[in-house]
Amino acid sequence: MSASRLDTALDRGLTLPAAPVQVLGPSADYDLSLTPDQAFIVATFRPDVLAWEARGYRVVQSPEPSDATLVVVPRSKALARDLVARAGSGLVLVDGQRTDGIDSIFKACRAELGDLPSITKAHGRLFWFEGADFSAWQAPPPSKGPEGFYTAPGVFSDGAIDAGSRLLAEALPDKLPRRMADLGAGWGYLSSRALEKTGIDSIDLIEAEAVALDCARLNVTDPRASFLWEDATTFTPKEAYDGILCNPPFHTGRAPDSALGQAFIATAARALTSRGQLWLVANRHLPYEAALRESFAEVAETGGDNRYKIFHASRPRR
């Protein structure tokens, strides 16, 4: 685990400054051996933010000047390089699993700096350096892709429209209910297409990743849209919706996790009026039918292709 690599490094003579270490991008299940007095967290994913705050850590959304920074490598290479670039010029520790590309980042840093101290343990690596400038690695601000939408490194479907979302958008009826929500809205593609339909008075874009929500604000400028930084698996609206759109995520890390999509379905049923409607797209291999029928009185598969299936569900069960 990550903590064992850090503990090993400390046992071998690595010294941390007295000031708190900032930790960039740790997931909620990251094994951080530093206490809340010794570290603060930089995170933009709402479930991670809430988990770290519940443990007593200070959590911010952007890096701050710090004498030491621990970068937790994400799966996105561009995002990993950006985190290293934003770590600052003090002591920088970089930690991650081999499956998330830590060795590639280590190699790139060595190409710039030469030999670096390193601990390999538990299928991962921790290495560190001090006083280096990696500002050239910093990612640009959200940029517009060839189809006219802003995205950023590390967000879902960076630089391209997700095929499942496109399929669902094309299957929507010409008229949608008055009060709508986009559950797990990402950078806003589904909402932008829904707002082309008639009937909508308002739509809430509900998204847990703050970076994706910032992109959504650039992509969806219609005044009927509102943006909510919330965990869709636990979200409860102040007022029930008439309709919900959803292309739920289905990965926890690298592992497929159908329970995540099932939690989105349960939230949708809880957030709709008694006659509310859900439009949902899912990969064909995901077993969502039972969850849909458990949560809704009426469920129909209304379209799809060889990769995706589209569902329309209504009348949520209370």
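**Two sheets and the helices that pack on them**

At 82% relative accessibility, proline 146 counts as exposed. That is my starting point today, hello everyone, and please keep in mind that this is a predicted model. Proline 146 sits in the loop between strand 8 (143–144) and strand 9. Its C-alpha atom is 8.1 Å from that of alanine 160, and the two residues are 14 apart in sequence.

Let's move from that loop to the first sheet. How many strands form it, and in what order? Seven strands make an open sheet, ordered 3-2-1-4-5-7-6, and the pairing is mixed. Strand 3 (59–60) and strand 6 are at the edges with a single partner strand each, so one side of each has no neighbour in the sheet. Strand 6 pairs with strand 7 in the antiparallel sense, over four bridges. If you would like a residue pair to look at, lysine 121 has glycine 124 in strand 7 as its bridge partner. Helix 4 packs on this sheet, where it touches strand 5, strand 6 and strand 7, and its direction makes about 25° with that of strand 7.

While we are here, let me show you a residue within strand 4 (residues 68–72), namely threonine 69. Is threonine 69 buried or exposed? With 0% relative accessibility, it counts as buried. A polar atom of the threonine 69 side chain lies 3.0 Å from the backbone oxygen of alanine 87. Beyond its neighbours within four places in sequence, threonine 69 is in contact with Val21, Gln22, Leu24, Ala87, Leu91, Val92 and Leu93.

Now back to helix 4. Its 12 residues (102–113) should span 16 Å at 1.5 Å a residue, and the end C-alpha atoms are indeed 16 Å apart, so the two agree. Which residues of helix 4 are buried? They are Ile102, Ile105, Phe106, Ala108 and Cys109. These cover an arc of only 165° around the axis, and therefore lie on the same side of helix 4. What do they pack against? The partners are helix 3 (77–85), strand 5 (91–97), strand 6 (118–121) and strand 7 (124–130). Turn the helix around, and the face away from the buried side carries the exposed residues Lys107 and Ala111. After helix 4 comes glycine 114, with a positive phi near 90°.

On to the other sheet. This open sheet has seven strands in the order 12-11-10-13-16-18-17, again with mixed pairing. Strand 12 (225–229) and strand 17 (296–304) are the edge strands, each pairing on one side only. From one strand to the next, the twist averages 20°. Strand 17 and strand 18 (residues 308–316) are antiparallel partners over seven bridges. Within that region, phenylalanine 296 stands opposite proline 316 in strand 18.

Two helices deserve a look here. Helix 7 (residues 210–219) packs on the sheet by touching strand 11 (202–207) and strand 12, with its direction at about 170° to that of strand 12. Helix 8 (residues 258–271) lies across strand 10 (179–183), strand 13, strand 16 (272–283), strand 17 and strand 18, and it runs at about 160° to strand 16.

Let me stay with helix 7 for a moment. What caps its N-terminal end? Glutamate 209 does, with a side-chain oxygen 3.1 Å from the backbone nitrogen of valine 211. The buried residues of helix 7 are Ala210, Ala212, Leu213, Cys215, Ala216 and Asn219. They pack against strand 9 (150–151), strand 11 and strand 12. Among them, asparagine 219 has 14% relative accessibility. The cut-off for buried is under 20%, so asparagine 219 falls on that side. Leaving out residues up to four places away in sequence, asparagine 219 touches Gly148, Phe149, Tyr150 and Trp187.

My last stop is cysteine 246, in strand 13 (residues 241–246). Cysteine 246 is buried, at a relative accessible area of 1%. Which residues does cysteine 246 touch, not counting those up to four places away in sequence? The list is Leu168, Leu183, Phe264, Leu278, Trp279, Leu280 and Val281. For a sense of distance, the C-alpha atoms of cysteine 246 and proline 177 are separated by 15 Å, with their positions 69 residues apart along the chain.

That's the tour, and thank you for listening!

Conventions
Residues are numbered from 1 along each chain as its sequence is written. This is a predicted model: local features need pLDDT of at least 70, side-chain atom pairs count only at pLDDT 80 or more; totals for chains, interfaces and linings use all residues. Side-chain values use heavy atoms; hydrogens and water are left out. Buried means under 20% relative accessible area, exposed over 50%, partly exposed in between (1.4 Å probe, protein chains only). Contact means heavy atoms within 4.5 Å. The expected span of a helix is 1.5 Å times one less than its number of residues. The arc is that of the directions from the helix axis to the C-beta atoms. Two strands pair if DSSP finds at least two bridges between them. Axes are lines fitted to C-alpha atoms, for helices over the stretch in contact, and angles run from 0 to 180 degrees between N-to-C directions. A polar contact is a pair of N or O atoms within 3.5 Å; within protein, one must be able to donate a hydrogen and the other to accept it, and residues adjacent in sequence count only if both atoms are side-chain atoms.
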